[in-house]
Amino acid sequence: MHFLLPFSLFFFILLLQLPSAFPARTFPQPTIPNFDATTASAFNSTTSTPWGNFAKFANLEKGSHVTGICDLKTYLNHFGYLPAPAPGNFSDDFDSDLESAILTYQRNLGIPVTGKLDNDTIDLIMAPRCGLGDSHMHNSTASRLHQTRRYAFFNGEPRWSQSSPMTLTYSFSPDDTIAYISQEDIRAVFARAFSRWSEVILVNFTEIQNYRMADIRIGFHSGDHGDGEPFDGELGVLAHAFSPENGRLHLDAAETWAVDFQRERSRVAIDLESVATHEIGHVLGLAHSSVSDAIMYPSLRPRSRKVDLRVDDVQGVQALYGSNPNFNYGSLLESDQETFNSGAGDGGRRTVFGLWIVVFTLTQLIYF
Ligand SMILES: [Zn+2]
Ligand SMILES: [Zn+2]
């Protein structure tokens, strides 16, 4: 065995040299992606938006009683943080159930965990977001203890079941659409959004004309549109999609959708491509991620753009469909160093490998 000693020492020394290449996992920074203070404060003052009046709850904590806080409880119930009231309606008390829901929300969304309705929390609660709930999320506390992954799946981990390499068809509703963006532009936006996912997994997406026959059916809908998840007008919920193999992808027709912020100057404009890329993630089987830079993070600010898959998104979708052999992590890892450091990468596996080398080296040293 002694011939292994030089190799062990070599690996041990190599390991000591590698902190920058294999960084230790650090607790995620409580950053909010694409945050623009000017934009945010401008839209937060818009009390006519669905959650605009939540601003008055800023800085409340357990023990408070404020008229209307039942609406905040309804919000938290809708997104999976608070069980339904039994019986009757929610009260206006800031009780321990509300505090516990806020703690989970803060952990899931990666903001400071205070249990209070501090400014960060109220600001994020009021931000526009995806209509799907967050009940499947893996928050930073869970990942710190047992796992490095932060992406999540729906219950039962449903995925499309065609054999690989599979082709999924998509089509746009001929009736439920918007007139102020050309069909050509909308089709180009979705083609780009689909291609980002097909670059990393062996799934191709093809547009077809027959809407009813398509695997993925895309439409702009208003208010109650028959699937039990009514849209709520400008801002608030932006879009939703259904888990595999349902295929429905719905955008709220009441938003001011933008394909180019130079052309669309509205301060509440929402980037269509960012939302399309996120909702396609749901169509493929991903639930929400707590990595704030990830495509699958649930909220998106007006006039912000987030269209590039991050390591967390790629690992999640590849866990369902395998990797596209033409894809490599190289450039993604460089641009995604922060996400990687926060534990969304395979840092855990590298840490185990490093520990194994240390243990092996020590046993060799003891042996001699
Ligand atoms: Zn979503
Ligand atoms: Zn819908």
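This passage describes a five-stranded sheet and the packing of two helices in a predicted model. Residues are numbered from 1 along each chain as its sequence is written, and chains are lettered from A and ligands numbered from 1 in the order in which they are written. Because the model is predicted, local features need pLDDT of at least 70 and side-chain atom pairs count only at pLDDT 80 or more, whereas totals for chains, interfaces and linings use all residues.

The five strands form an open sheet in the order β2-β1-β3-β5-β4, with mixed pairing (helices, H or I of at least four residues, and strands, E of at least two, are DSSP runs numbered from the N terminus; two strands pair if DSSP finds at least two bridges between them). The edges are occupied by β2 (203–207) and β4 (239–241), each of which has a single partner strand, so one side of each is left without a neighbour in the sheet. Strand β1 (residues 166–172) runs parallel to β2 and is joined to it by five bridges, and L168 has F205 of β2 as its bridge partner.

Helix α7 (residues 183–198) packs on this sheet, where it touches β1, β2 and β3 (216–221), and its direction makes about 170 degrees with that of β2 (axes are lines fitted to C-alpha atoms, for helices over the stretch in contact, and angles run from 0 to 180 degrees between N-to-C directions; residues are in contact if their C-beta atoms, placed from the backbone, lie within 7 Å). With helix α8 (residues 272–284), α7 packs at an angle of about 45 degrees, the axes lying 9 Å apart.

Methods:
Contact = placed C-beta atoms within 7 Å.
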